[in-house]
Amino acid sequence: MRATAAATLAALVALSASGNAAHAQDPSAIDWDAVRVESMEHFKALLRIDTSNPPGNETAAATYLRGILEREGIETELFALDPSRANLVARIGGDGSARPILVMAHTDVVGTQPENWSVDPFAAVTRDGYVYGRGSLDDKDNVTAGLMLMLLLKRTGMRLGRDVIFLAEAGEEGTTTWGIDYMVDEHWDRIDAEYCLAEGGETVSVDGRVRYVNIATTEKFPMRVRLVARGTAGHGSVPLLDNAVALLAGAVARVSGWQSPLRLNETTRTYFQRLADISTPEEASRYRGVLDPAQQPWVERYFAEHEPQHYSLLRTSVVPTMMSAGFRANVIPTEAEATFDIRALPDEDPQAFYAALAGVINDPRVEVIPQPIYRPASPPSRLDNEMFRALEATTARLFPGAATIPTMLAGATDMAQVRARGTQCYGFGPVEAMEGMTGGGGAHGDDERILESSLLPLVRYLWYTVTDVAASGG
Ligand SMILES: [Zn+2]
């Protein structure tokens, strides 16, 4: 505590010593060593606030952030549909010559099973070069980066052409009603921006050197369907041709054996091209092969078996996740039911897809019942604008020789709602060692942890990218 306070003071002194605006525009005026210490202090404080969702209690985190920001003269607003689930917005004004940049991170975390953890999930324990804690990768690292960005913009007095907005949002983990839906539907004027930076990217190092930075430029959107098979009820001793359990099993088997059409977009094409450029010749032949219709069949078979994440990038995926049927061993039930988790390509037409699914099932006794879609679809964010170029420039500056690779997330984030409003959104993330990526410790996993050394680079990555695009005359 004492050491940290001293370091924070040192950072302030370092900044105020070079306090005129001309100097402040020079990034070398920032004492990054002091920023590293201060960032870690805020990060750990946030990890120690239990914002497990449900119930969330994000107001506790928003209140912490508000205290830090307002102490330094940065105004904040809290927006809460439920008083315990506040979203925080802070803004540093530019000269209005260009539209704002939104930096967004969520304060809620998924729940834990503490008995499966080797440490207390809310104690922010440091061990063997890692900081452990629920939210350490998802998403309190980005919350910390957003907070530090605002503090540094304020302290340096950097002249901005664009407003920079920080949104620390509630409810990302499955309860968007309290968070991004509320902000987009009711308070869009507070977060309306040309560009948005948020979670979802990955910075991957091998043997201590960063090889590539994945930037999330689009994501699939979740659609779910229920299948309900209906037949005649009866005694288990008498076989019936319209047995609902058998009809359902047949339908699930037909759908599972079906491949929806393979379709690439600008993001996934560029992803495989750039990945090929940094891969071994054998890997590269597959990543280039997937771009060639003649080679796609063997490559997708390989992906299905060995690289399921890549397989999912090629198409709208349909995965059976639940089945329920029957209640007694000697009774044929009238109904049997299954659920499919469908992850749709950004340009998928849901109605046409449901119809295709019904065609594959090809049995009027099995009804396809679409469930509500809670993430809107939107086109991928562009790769040819100043924000994407700034991300590439930051990669080159901080991680020389590393590639910047646009990527499509198979999962869903709150960027979906913001992209649907026309904002160009990009997900970035902290350095993770390839060697440490297997064996647990990831986002949502037990023992979730982040490399202690990766927090400062995350703060700097955001700083250089935002100031590159937002600085006046830039
Ligand atoms: Zn997240």
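**Notebook: zinc site and helix packing**

I began with the geometry at the metal. The four donor atoms around the zinc ion subtend angles of 52 to 146°, so I log the arrangement as irregular. A tetrahedral label would need all angles between 85 and 135 degrees. I keep in mind that this is a predicted model.

Next I looked up the donors. H106 gives NE2 and D138 gives an OD atom to the zinc ion. E199 is listed twice, each time through OE. The coordination distances run from 1.9 to 2.7 Å.

Then I checked the spacing along the sequence. The donor residues follow the pattern H-x31-D-x60-E. D138 and E199 are 61 residues apart and link distant parts of the chain. I find D138 in the loop between β5 (130-132) and α5 (140-156). E199 lies in the loop between β7 (195-198) and β8 (202-206).

Are D138 and E199 buried or exposed? D138 has a relative accessible area of 9%, so I enter D138 as buried. For E199 the value is 13%, and E199 is buried because the limit is under 20%.

**Helices α3 and α4**

I turned to α3 (residues 32-47) and α4 (residues 58-71). Their axes come within 10 Å and cross at roughly 155°. That angle makes α3 roughly antiparallel to α4, since the cut-off for this label is over 145 degrees. I note the α3/α4 crossing as right-handed.

Which residues meet here? From α3 I list E41, H42, A45 and L46. Across from them, α4 supplies A61, Y64, L65 and I68.

**Helices α14 and α16**

I repeated the lookup for α14 (residues 386-398) and α16. The two pack at an angle of about 135°, and their axes are 9 Å apart. I therefore record α14 and α16 as oblique to each other. The crossing of α14 past α16 is right-handed.

The contact list is long, so I kept it by helix. On α14 I have E386, M387, A390, L391, A393, T394, T395, R397 and L398. On α16 I have P457, R460, Y461, Y464, T465, D468 and V469.

**T467**

I closed with one residue of α16. T467 sits in this helix, which spans residues 455-470. Its relative accessible area is 10%, so T467 counts as buried. What does T467 touch, not counting residues up to four places away in sequence? I find L153 and M158.

Methods: Residues numbered from 1 in each chain as written. Predicted model: local features only at pLDDT ≥ 70, side-chain atom pairs only at ≥ 80, totals over all residues. Heavy atoms only, no water. Donors = N, O, S within 2.8 Å, 3.2 Å for Na, K, Ca; no water. Tetrahedral: all angles 85-135°; square planar, octahedral: opposite > 155°, others 65-115°. Helix = DSSP H or I, 4+ residues; strand = E, 2+ residues; numbered from the N terminus. Buried < 20%, exposed > 50% of the residue type's maximum accessible area, 1.4 Å probe, protein only. Axes fitted to C-alpha atoms, helices over the stretch in contact; angles between N-to-C directions. Parallel < 35°, antiparallel > 145°, perpendicular 65-115°, else oblique. Left-handed = near helix turned anticlockwise from the far one by under 90°. Contact = heavy atoms within 4.5 Å.
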